[in-house]
Amino acid sequence: MTARLQTIAISKHYDSVTALSATDLEVRDGEFLTLLGPSGSGKTTLLQILAGLVEPSGGRLLINGKDATHAAAGDRGIGMVFQSYALFPHLSVWENIAYPLRMRKMDKAAMASAVKDALEMVQMGSYAHRLPRELSGGQQQRIALARCFVYKPSVILLDEPLGALDKKLREHMQSEIRSLHKDLGATFIYVTHDQEEALNLSDRICLMNQSKIEQIGTPQDLYDKPATAFSAQFIGYSNLLSGRVEKHAGDDNIRLCNARFSVPIHVPEHVPVHSLLPLDKTPGADDISLVIRPEEARLSSVDDAYVKGTVREVVFAGSDFRVLVDIGEKQPFLLRCGRRDAPAPGDTVGVTWNPAHTAVVTC
Ligand SMILES: Nc1ncnc2c1ncn2[C@@H]1O[C@H](COP(=O)(O)OP(=O)(O)OP(=O)(O)O)[C@@H](O)[C@H]1O
Ligand SMILES: [Mg+2]
């Protein structure tokens with residue numbers, strides 16, 4: 001199937017600043033793709049290149065398989081919602097939403113009906129005659145969404161559209177955006193630096209870091225199979241153990257070792273064992289990390305443990321306790337445990353896990 005949008009080595013430089021390194025990305029028809037990443041990682045730049053608001057320094061953009069690298073923004077069939085609502089302050093809500101239709105010279109009756117539908121879609125039917133300044137932030141954002149949806153673009157780009165809203169309203173608008181995506185059947189590309197929002201909304205997440213795509217996949221893929229230490233730490237909480245990979249005669253396992261532990265590494269079937277052994281790397285370099293999610297680890301007796309240490313902190317978290325264990329690494333090890341099993345600060349404890357429920361990443 002032809003990708004709805006495809007970039008081929010598309011890039012953007014501002015003098016000596018690389019805003020976007022050469023990037024290959026395919027966006028599927030009708031999907032909800034989120035660009036997630038820290039500030040300055042190139043999310044807005046990529047979105048602006050797709051929209052035609054920024055000229056790329058190199059590479060190509062295909063829309064439905066056709067070259068659109070230099071197509072005018074208005075000819076791309078792409079709608080955009082910005083972080084600042086960018087409503088016209090002197091126009092009523094109704095006129096704001098009608099604006100893109102007037103630009104397209106739609107006839108009056110069709111326009112009135114389209115504006116009415118768009119207002120109802122965002123549940124703002126009774127606000128048609130107000131001015132933007134007479135609305136709350138969340139209401140203005142809904143009008144900005146309606147103004148984008150009214151002309152039914154088949155691709156909609158949203159740059160942190162909920163950034164200015166408080167937590168409760170954000171959650172409400174997230175579910176509205178999710179159902180609008182379903183109703184419209186359009187392709188959504190959504191920018192956020194909030195990982196929870198990305199996990200909630202997306203079919204796929206494109207994780208960006210330092211002007212590059214770090215990893216792309218379903219939310220579950222990124223959580224369960226982080227490819228790098230950055231992915232593991234940006235999505236959810238991760239315990240990272242770093243060390244050398246070793247294989248000893250007479251031991252079926254390959255192991256991750258440092259001065260404090262030697263733990264088995266589970267090698268997934270599709271990964272050749274030799275790819276994990278740092279044969280071509282500096283001997284002894286700490287270049288592999290094991291990712292153990294807090295929910296996959298449990299307390300055990302010291303004798304059976306993969307790692308051991310001293311309990312630093314036990315925090316009541318409602319249904320369970322969060323336990324931080326000093327294991328002699330940079331970060332304490334975080335795990336959760338039931339109310340009855342909670343240790344006390346200062347206790348010496350062991351920690352264990354199922355090696356099959358861990359991931360190996362490069363640092
Ligand atoms: N017009 C510009 N001139 C110079 N540098 C720019 C320009 N626009 C962006 N940059 C730089 O390019 C990099 C990527 O910026 P971009 O706005 O794409 O990041 P972002 O991921 O959207 O960040 P944020 O989450 O803060 O919005 C940053 O280092 C930024 O300073
Ligand atoms: Mg941005």
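**Close-up 1. Strand β6 gives the most residues to the lining of the second largest pocket.** In this predicted model, β6 contributes 4 residues to that lining. The pocket itself has a volume of about 510 Å³. Its lining is made up of 21 residues, and those closest to the centre are I78, G79, M80, R104 and Y151. If you would like to trace the walls by element, look for β6 (78–81), α2 (93–103) and α4 (137–149), which each give two or more residues to the lining. Sorted by class, the lining residues of the second largest pocket are 16 nonpolar, 3 polar and 2 charged.

**Close-up 2. An aromatic pair joins F88 and Y99.** Let us turn to the rings. The whole structure holds 8 aromatic pairs, and one of them is formed by F88 and Y99. The centres of these two rings are 4.6 Å apart, and their planes meet at 55 degrees, which makes the pair tilted. F88 belongs to the loop between β6 and α2, while Y99 sits in helix α2, so the pair ties together parts that are 11 residues apart in sequence.

**Close-up 3. A shell of 13 residues surrounds ligand 1.** Among these neighbours, S39, G40, K43, T44 and T45 are the closest. Two elements, β2 (17–27) and α1 (43–51), each supply at least two residues of the shell. Helix α1 provides the largest share, with 3 residues. By class, the shell around ligand 1 has 4 nonpolar, 7 polar and 2 charged residues.

**Close-up 4. S39, G40 and T45 each place an N or O atom or a polar side-chain atom within reach of ligand 1 oxygen atoms, at the distances given here.** From the side chain of S39, an N or O atom is 2.5 Å from an oxygen atom of ligand 1. T45 also uses its side chain: a polar atom there lies 2.5 Å from a ligand oxygen. With G40 the backbone takes part, as one of its N or O atoms lies 2.8 Å from an oxygen atom of ligand 1. How much of ligand 1 does the protein cover? On its own, the ligand has 640 Å² of accessible area, and the protein covers 59% of that.

How values were computed: Residues numbered from 1 in each chain as written. Chains lettered and ligands numbered in written order. Predicted model: local features only at pLDDT ≥ 70, side-chain atom pairs only at ≥ 80, totals over all residues. Heavy atoms only, no water. Near = heavy atom within 4 Å. Polar contact = N/O pair within 3.5 Å; in protein donor to acceptor, adjacent residues only side chain to side chain. Areas by Shrake-Rupley, 256 points an atom, 1.4 Å probe, with all protein chains shown as cover. Nonpolar A, V, L, I, M, F, W, Y, C, P; charged D, E, K, R; others polar. 1 Å grid on protein atoms, 1.4 Å probe; cavity = no way out; pocket = protein on both sides within 12 Å on 5 of 7 lines; lining within 4 Å. Points joined across faces, edges and corners; volume = space filled by probe spheres on them. Phe/Tyr/Trp six-rings, centres within 6.5 Å; stacked < 30°, edge-to-face > 60°.
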